[in-house]
Amino acid sequence: MGTAGLPGTGLGGLFYILLALWMPVRELYLTARGRGDRARLRFAMGQGLMALGIVAAVVLTVLVARAVAGGDRYAVGSVWLLLPLALLAALASVLALWARLRREPPRHRAEPAQTTDAAEERRRRELVGA
Amino acid sequence: MTTARDLASGLTVIIPAYDEAASVADTVRSVLTQTTPPARVIVVDDCSTDGTGDLARAAGAEVLRPAQNTGSKAGAQNLALAQVDTPYCMAIDADTTLAPDAIELLLAPLGEDPGVAAACGYVVPRHVGSVWERGRYVEYLLSFTFYKPTQDWYGHPLIASGCFSAYRTDRLRAAGGWSERTRAEDMDLTWSLYEAEHAVRFVPGALCYPIEPHDLDFLGKQLKRWSHGFVQNVRLHWGGLLRLPFLRTVVGVALFDAVVASLVYLLLLPLLAVLWGTPLPLLVYLIDVPAVLVPVLVAAHRRREIGRALLSLPCFFVLRVVNGFYVLEALWTEVVLRRPLLVYEKGH
């Protein structure tokens, strides 16, 4: 299943852009510390450049949209940038808080399992929330 | 040092098949003619009615035929898994062919790192003709060029795709094999492996070519399965995913995005267009064309398929709207009505 084909508000894309922009930064840091890997650095630079290309495309789209729609340039530009970032930060924070509140004991590696019918039925009931 | 041939000599390939006479022989042949052929190829002929088993046997595979249809792809794969006596196994769809070096490349991370339990490859539709095949082609270029490699760098490819993935047999068995509790057994298995603290890798050079749905009826059944499978897996695994910061954010953002955007695409935008008496709101469907174009053209350039990608680009946006419908249907049925999709239907 490819979630890339799902409709998006842009938050998912923004998240991946931020991830991809961080990759070369992290790899350059590791390289400076003598713990780098050339192949990983090259790869991270490629993903980072792609992310910059996407950002440039988004900026171009915003400029064209503003030119077509008119309106206060500065305000529209700020909203376009800050609102999605704020939403993403809020969503990530909610998820982190949820994880903290729900704290479960660490799981151990699964032992070789013999799946039984009873276990499958329990999972099925778990799935429907029964 | 373990060579590629050593790894492949410890590999069993499992190919589940129900009425796949049109494609199974090509799949078996593409596996047997690999640069590093596997030790065994097992086709599970799941009570086909079109001679699938005979064709697979003639192409050179071992064929298992259960007494009655197992009911799902996962069921068929588990039947073969019980017979696997090699340290590695691989699942390939019966309508999927492989690049000649796909197995060699896909097994590499399993040989290099004992912490890796599974590896998945790069998917490209074999046929790119209809609107839906073209849309899926663009979707895969975007996903496997930008999203999945990024997920892999952070250590968590979201899904080891069921059409072409390799596993350490012992870890696969410890995870219970391919579970039939959801309609997306590949996602279920991948997330189960993460919860058990195993690693999964994405190998961009390991190419496979599945046959994608060519018409809306076939596509609809696939999207229904995938959408319901996604919702089922989020409900099932959410507690475990919360402990994994990267995955909980990826899945959480994807779910939020899919819900809100699907409502916007299917309800809000058409409503605004009608209320305002102008088609301008519908431009939102295309607002991210330039953004999508960047990774798609990068991928197309690498594959020397820029013309094909540009021609197919509009189809991606059509597919995306259709996808939104199935996401909302799945959420409504699974979460609100509490009627999970239990029947596995491929659709061809």
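## A helix enclosed

Buried here means under 20% relative accessible area. In this predicted model, 11 of the 11 residues of α8(B) meet that cut-off, so the helix is largely enclosed by the rest of the structure.

The buried residues include acidic ones: Glu185(B), Asp186(B), Asp188(B) and Glu195(B). Met187(B), Leu189(B), Trp191(B), Leu193(B) and Tyr194(B) are buried too. Thr190(B) and Ser192(B) complete the list. Just after α8(B), Glu197(B) takes a positive phi of about 65 degrees.

## Extent of the interface

Chain B meets chain A through 64 of its own residues, in contact with 56 residues of chain A. The area buried between the two chains is about 5500 Å². Carbon and sulfur atoms give 68% of that area. On the chain B side, Phe146(B), Trp153(B) and Arg181(B) lose the most area to chain A. Together they account for 13% of what that side buries.

## Polar links

The count of salt bridges between chain B and chain A is zero. Six residue pairs are in polar contact, with both residues at pLDDT 80 or more.

## What chain B contributes

Several helices of chain B each supply at least two residues to the side that touches chain A. They are α6 (131–153), α7 (169–174), α8 (185–195), α9 (216–241), α10 (245–276), α11 (289–303) and α12 (306–336). α10(B) gives the most, with 13 residues. By type, the residues on this side of chain B divide into 34 nonpolar, 16 polar and 14 charged.

The enclosed helix α8(B) is thus also among the helices that supply this side.

How values were computed:
Residues are numbered from 1 along each chain as its sequence is written. Chains are lettered from A and ligands numbered from 1 in the order in which they are written. This is a predicted model: local features need pLDDT of at least 70, side-chain atom pairs count only at pLDDT 80 or more; totals for chains, interfaces and linings use all residues. Side-chain values use heavy atoms; hydrogens and water are left out. Contact means heavy atoms within 4.5 Å. Buried area is the accessible area (1.4 Å probe) that two parts lose on being put together, summed over both. A salt bridge is a side-chain nitrogen of Lys or Arg within 4 Å of a carboxyl oxygen of Asp or Glu. A polar contact is a pair of N or O atoms within 3.5 Å; within protein, one must be able to donate a hydrogen and the other to accept it, and residues adjacent in sequence count only if both atoms are side-chain atoms. Helices (H or I, at least four residues) and strands (E, at least two) are DSSP runs, numbered from the N terminus. Ala, Val, Leu, Ile, Met, Phe, Trp, Tyr, Cys and Pro count as nonpolar, Asp, Glu, Lys and Arg as charged, and the others, Gly among them, as polar. Buried means under 20% relative accessible area, exposed over 50%, partly exposed in between (1.4 Å probe, protein chains only).
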